[in-house]
Amino acid sequence: MAAVVLLLNSCAEMNKKQSVAKETEKPAVATKANDIIAFFQHWNLILGDGSNVGQATDYENKDFFYTKTDDHGDWVVFKSPNAGNTHGTSNNTRTELAQLKKWSPMTEATMNATLKVMNVATTGDARVAATYSVVVGQIHSADGHENEPLKIFYKKFPGHTKGSVFWNYEINTAGDDNSRRWDYSHPIWGYDFSIVGTSANSAPPEPEDGIALGEEFSYKVEIKDGMMQLTFTSQGHETKTFTKNLISSSYTKHSTIPDQVKNLFVPIGQDGVERRTAYSDEGLFFKLGTYNQTNGKDPKVNKVWCSGAETHGGDIQKQYADGNYAEVWFKSASISIPDDAISNAGYFKANDGLSEKTVYPSEVIPFMDKFKMLMGNGTTVENLVDFEHKDFFYTVIDGTRRWVVYKTPNSGVTSKNSSNTRTELHEKRKWTPEEGGKLTGTCKVMQVSTSGDARVAASYSTVVGQIHSGEGHENEPLKIFYKKFPGHAKGSVFWNYEINTAGDDNSGRWDYSTSVWGHDMSVVGTGKNEPPVEPTDGIELGEEFSYEVNVYDGIMYLRFESEGHKTKTFTKNLIQSEFANKSDLPAQVQQLFVPIGQDGTERATAYSGELNYFKQGAYNQTNGKSPEANIVWSAGAETYDGDIAKQYENGCYTEVWFRDATIGLGTKTSKD
């Protein structure tokens, strides 16, 4: 039997036709939120600055949580900017109630609310599904992945009068990896979540049956015996009802993933399946208020959740002044929960202050004890466990998962044999090609330098993985590159093999480049600011790809994968050279390297017997050296005299994110 926890009502004239125009506010009265909706003792209130203020029975905050009176009665206002401090692992700010108790979906629980959305952000990228939207009610799990079986959204594009109301179901992802979770969206009035613009500033057509800002609507959420019943009402609109099973999944196989999800989430790697029993054994709780879904994160980070909106550097008052916030007014609300509901304190303990908690790269990719690192300021770090540096090596959340960030400027301090800075892991173990080793990485390049010389092969590129020799000439049998010219949407991924030069003179060394997606390294511009044609099959900034480097019995096996692109595999012999004679020099090398005097030949046994090691991270190939010195490697980029902060401010750096990586022994392949 359910115990009624709250019942509230406002002074509105319930039968009076609602106005969709801007409300006329009456003079403020000394009314607290609990005088209007008398249930705040049953919730914690999270504010738009990330703080948990506890039970808001006699509380107000003029920036986030207060009361208003208009012609339709008294209202409780929940307001939150596009950027501030947030709660838990979210990218988004909120002024939102969260229940103090949690309950099983097998019992009975109910939440009702009547509200109107007064503002959603006026800036953002229209192609991003979450832009211009706010969540006004939720069911949240307190256990497991802490996913959300219900989010009730309002969304309105700039220039439209009417917005959409829809609800999303987030799967409770099977297994321990929650990074592939996704939402399925149901339209109520107007569109569902998946309807987006064709460009950053182009909205879809305005919905005919939408809800305007300032127009009231109500929702009722009922849970009983594992079933969720939803009812939505609004004056002048059709009443809508929905039912969803919370304890038996419809999405346990990849073949059951809906087309909407395939179009929206699968392209960004979110293609998980759900636990067979969905949320059956987890504690759930209600949330209510303003959970702003518009944020300032770059859409290239996540094309579903990262809005690219104006945030004024987190200045809340500036955001409020020019419409970069969400504001929702509640007239009435009530909840009832079962008598056997239990404390939800564990959720708050886990999530309060989490946005300010340091999560080290070694907690995300646990192989850091196998590496040391050289950072972009020339500092070598021997122990990477529980280490971070906010300028070079740290972690971020992109809306779905946590990543390790490697960042380095065009100019800083680097290693003895290089002109280029790096924030890059250096394997401690050394091995010969005959002994072998394996390195994998799943990454996305977020930035390459925006300055440089398009005629220089190395300009606008970064190396994200290497094999490096630790003996002899200390050359590099493998470098995996990403390169994107300014003005292009798509860049190229390619790999280079550097010869292990015959003799004592290493000045004649050269690289042979092989395209993976897009161009190889030899494709350059015709002038300093004249790039070649953009690759049709390239990889964009922020687009995820994976590589595997497997060296076994002297042979290097490479595999590259990326959603929506053809998987590519390559094989290279590391102990027997193809380039031992001048006649073996490839045409690409004769075009690119021979004109600058790099025309060497390779030892017949290549890298046989030499100790090698893996490297991974961001090895910036763009530098400030004059192209007259070397038209292949000297990029002529802006460096601001080595001022790292200025380089970061002006796009003169490289940044690579890794979400997964492994290292180990080489393994026998089916070709062996």
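**Salt bridges, cysteines, cavities, one glycine**

I began with Lys370, which counts as partly exposed at 43% relative accessibility. Its neighbour in sequence, Asp369, is partly exposed too, with a relative accessible area of 39%. I then checked whether their side chains meet. Lys370 and Asp369 form a salt bridge, with N to O at 3.4 Å. I keep in mind that this is a predicted model.

**Entry: charged pairs**

Why look for such pairs at all? Side chains of opposite charge can pair when their charged atoms come close. I ran the count over the structure and got 32 salt bridges.

I picked out Glu96 next. Its partner is Lys287, and the closest N and O atoms of the two are 3.8 Å apart. I noted where each one sits. Glu96 belongs to strand β5, residues 94-99, and Lys287 to strand β16, residues 284-292, so this bridge ties together parts 191 residues apart in sequence. Are Glu96 and Lys287 buried or exposed? I looked up the accessibility, and both are buried.

I turned to Asp511 and Lys479. Their side chains meet in a salt bridge at 2.9 Å, N to O. Asp511 is in strand β28 (residues 511-517), while Lys479 is in strand β26 (residues 478-483), so the pair links parts that lie 32 residues apart in sequence. I checked burial for each. Asp511 has a relative accessible area of 2% and is buried. Lys479 counts as buried, at 2% relative accessibility.

I also followed shared partners. Arg94, Glu96 and Lys287 are joined into one network by salt bridges that share partners. That took me back to Glu96 and Lys287, the buried pair from before.

**Entry: cysteines**

How many disulfides does a search of the whole structure find? I got 0. I wanted a reason for one residue at least, and took Cys443. The cysteine sulfur closest to that of Cys443 belongs to Cys306 and is 18 Å away, which is too far for a bond. A disulfide needs the two sulfur atoms within 2.5 Å. I looked at accessibility as well. Cys443 is buried, at 0% relative accessibility. Cys652 also counts as buried, at 2%.

**Entry: cavities**

I searched for enclosed space. The structure holds 2 cavities of 30 Å³ or more. I took the largest cavity, and its volume is about 50 Å³. Which residues line the largest cavity? I listed Lys155, Phe157, Ser164, Phe166, Tyr191, Asp192, Ile195 and Pro207. I sorted this lining by type. It divides into 5 nonpolar, 1 polar and 2 charged residues.

**Entry: Gly210**

I closed with one glycine. Where is Gly210 found? I placed Gly210 in the loop between β11 (183-189) and β12 (211-212). Gly210 counts as buried, with 1% relative accessibility.

What does Gly210 touch, leaving out residues up to four places away in sequence? I found Lys162, Gly163, Gly190, Glu215 and His237. I also looked at Tyr154, which is 56 residues from Gly210 along the chain. The C-alpha atoms of Gly210 and Tyr154 are separated by 9.9 Å.

**Entry: recap**

I go back over my notes. The salt bridge count is 32, and the disulfide count is 0. Among the bridges I looked up, Asp511 to Lys479 comes to 2.9 Å, Lys370 to Asp369 to 3.4 Å, and Glu96 to Lys287 to 3.8 Å.

Terms used: Residues are numbered from 1 along each chain as its sequence is written. This is a predicted model: local features need pLDDT of at least 70, side-chain atom pairs count only at pLDDT 80 or more; totals for chains, interfaces and linings use all residues. Side-chain values use heavy atoms; hydrogens and water are left out. A salt bridge is a side-chain nitrogen of Lys or Arg within 4 Å of a carboxyl oxygen of Asp or Glu. Helices (H or I, at least four residues) and strands (E, at least two) are DSSP runs, numbered from the N terminus. Buried means under 20% relative accessible area, exposed over 50%, partly exposed in between (1.4 Å probe, protein chains only). On a 1 Å grid over the protein atoms alone, a cavity is a set of points where a 1.4 Å probe fits but cannot get out, and a pocket is an open set with protein on both sides within 12 Å along at least five of seven lines; lining residues have an atom within 4 Å of a point. Grid points are joined across faces, edges and corners, and a volume is the space filled by probe spheres set on the points. Ala, Val, Leu, Ile, Met, Phe, Trp, Tyr, Cys and Pro count as nonpolar, Asp, Glu, Lys and Arg as charged, and the others, Gly among them, as polar. Contact means heavy atoms within 4.5 Å.
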